[in-house]
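Visitor: I'm new to this and would like a tour. Could you show me how to read a fold, one feature at a time?

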Amino acid sequence: MTKKQTLRIALTALLIALVTGLSAWARVGYSIDVMVSDALCQRASVANKNIYIIAIDDKTLGQYGSITSWSRQLSADLVRILNQDAQTKPAVLVFDVIFSENGDADGDAAFAEACKEAGNVVTAMSYRFKEQPEYDENGHMTLNQYHIDGVIQPYEALREATNQGFANTLVGADGYVRRAMAYIDDADGQRNYSLASQAYQLYQESRGADVEYPVLDQNNQYLFSYSGITGCYSTISMADVLDGTVNPAIFADGIVFVGAYAVGMQDSYIPAISHGTQMYGVEIQANIVEALLEGKTQQQLPSELYAVMAAALAAVFYLAVRRMKIIPATVLTVACVAGNPIFAKVMYGRGFVTSVVLLPVVFFLIYAVHLIYGYVQEVMRRQKVVNVFKQYVAPQVVDKISKDKDFELVLGGENRHIACLFVDIRGFTTMSESLKPEEVVEILNEYLSLTTNSIFQNGGTLDKFVGDATMAVFNAPFDLEDYIYKAVCTARDMKAGADAIAEKFEKRFGKSVGFGIGVNCGNAVVGNIGCDFRMDYTAIGDTINTAARLESNAKRGQILISKEVYEAVKDRVEVTAVGEIPLKGKTQGVFVYQLDEVK
């Protein structure tokens, strides 16, 4: 398995781990997602003008005292005022108040009688829910969060005179109200509707319209959209209705809610539409009824379906991104992340709630992994180039290669004009026969260090070692200024260094060696020669062969340069003309100069 394949497998495993971890986070961070969904999708609209709220507000409490001290006669008076004219009576009158305890007998009787005569009154009840394990017919256990542990109902006479609906407000785990329950079936199999459901059903019956509930989940619940924030419905003080300030005809054929509208009555919650302010329970009931009337309800997109969709989209995104460069991948990522809220809003308008945050985060993670993979791959590629070239290229050249984004280590070559230098140790074979192997290696390493340092100091490229010989090229793989002169300077430095080394080994071993050097310039094919798994950066051609022949003809301590080299640097060197000499493999001789001094 290649390093590239290993890297891709490792990053894919990392991505899977991140997505898995993200799924766990999604459960913990559910509130973040729904809050974003609320901000995106819960938008105020024009509230239904046929829904009214008669508020038990501070004005009413100031005029009639605490609600706990009221006689039910007050409520009876309200019912009779609103229903005094059959032509202008409301379609439904809903009391979001639980009249559970008996009060004064006359007031209780009067209220029950008024409701019975009106025939359009709904009063509130409440369940006490308790989470309890339950077993199905197969023995599988589930936790029922809505097991009925108790019930609070209106007093008997009122219960017989009105329709009842449970007024329980469903507060989410994050503290916000965005769900409602249509009905609940008790242990006796009796179906009991919520307060909003009862109001909705009676209103539809009064208009001769069908009663249609949205798709419900396993707890008979549904999500709903608010029509507005606190105060969006026509709200009238109960005191103004009782004292005749408000004409009851304004409520004709409408849905009228009566409920707490004062802070001290402790009936307020935080709605999904306005996280910063509270809304009275009676307004939430009004919003639920309007959602049922206007079809502004939603269901959670099934998690299994969403998982398949998300996985498919993530897979397509991954396959697309992995084939892209950074800029196109970034554009695609931004488009997908920005497109998901649009998709979520479109789905919300069609009655489905989907995650707004999860998929964009997955897209971002895939994009991040793509960036990491690209970065690591580039680092590995550059390191491979550096590791190859640092063996035979000057440090400054290696540094340039590592910074060149367009450099590719591939088979093939290019035709370049270069200078080529060959240097060989004279007398090395004879010397090695009389010395210990470790002594031979010591001498060889010393000389090769000298040749290598001389090449690198002048910006050349160390092509190869061939036994005790060294080959170097100048102006490859990158352009090098004044490369022919630098090749000549390299030869000079090698000769100067060799004299010092020769003196050192003469004292130690009683033997010394020297260099023969040849320098030529001209066109050559330069590049990586070999195969995919084993290549060598080198130069080939007649220019190289001539340089090698010059070196083989050079005597100990002699530097031979070709006529082409001399013509390029003649103003900066002193030479002795050797003349035309025959070179092995060439039909014509080559005019050669001995380099004496470099200015």
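Guide: We'll go from the whole chain to a few helices and one residue.

Visitor: How many helices and strands does the protein chain have?

Guide: This is a predicted model, and its protein chain has 18 helices and 24 strands. Of the 599 residues in the chain, 47% are buried. Take the contacts between residues at least 6 apart in sequence: 73% of them join residues at least 24 apart.

Visitor: Let's pick a helix. How far apart are the end C-alpha atoms of H10, and what should its residues span?

Guide: You count 1.5 Å a residue, so the 19 residues of H10, 303–321, should span 27 Å. The end C-alpha atoms are 26 Å apart, which agrees.

Visitor: Which residues of H10 are buried?

Guide: They are Tyr306, Ala310, Ala314, Phe317 and Val321. Look down the axis of H10 and these buried residues fall within an arc of 65°, so they line one face of the helix. On the face turned away from that buried side you'll find the exposed residues Glu304, Val308 and Val316.

Visitor: And how do I describe two packed helices?

Guide: You give the angle between their axes and the distance between the axes. Try H10 with H11, residues 326–349: their axes cross at roughly 160° and come within 10 Å. An angle over 145 degrees counts as roughly antiparallel, so H10 and H11 are roughly antiparallel to each other. Their crossing is right-handed. Met309, Phe317, Ala320 and Val321 of H10 make the contact with Ala329, Leu332, Thr333, Cys336 and Phe343 of H11. You've met Phe317 and Val321 already, among the buried residues of H10.

Visitor: At what angle do H7 and H9 pack?

Guide: H7 (residues 195–207) and H9 (residues 281–294) pack at about 45°, and their axes are 9 Å apart. That makes the two helices oblique to each other, and they cross in a right-handed way. On the H7 side, the residues that meet H9 include Leu195, Ala196 and Tyr203. On the H9 side, Gln285, Ile288 and Leu292 are among those that meet H7.

Visitor: Let's zoom in on glutamine 285. Is it buried or exposed?

Guide: Glutamine 285, which sits in helix H9, is buried, because its relative accessible area is 5% and buried means under 20%.

Visitor: Which residues is glutamine 285 in contact with, leaving aside its neighbours within four places in sequence?

Guide: Those are Asp96, Ala167, Leu195, Ala196 and Phe257. Leu195 and Ala196 should look familiar, since they are in H7 and meet H9.

Notes: Residues numbered from 1 in each chain as written. Predicted model: local features only at pLDDT ≥ 70, side-chain atom pairs only at ≥ 80, totals over all residues. Heavy atoms only, no water. Helix = DSSP H or I, 4+ residues; strand = E, 2+ residues; numbered from the N terminus. Expected span 1.5 Å × (residues − 1). Buried < 20%, exposed > 50% of the residue type's maximum accessible area, 1.4 Å probe, protein only. Arc of directions from axis to C-beta. Axes fitted to C-alpha atoms, helices over the stretch in contact; angles between N-to-C directions. Parallel < 35°, antiparallel > 145°, perpendicular 65-115°, else oblique. Left-handed = near helix turned anticlockwise from the far one by under 90°. Contact = heavy atoms within 4.5 Å.
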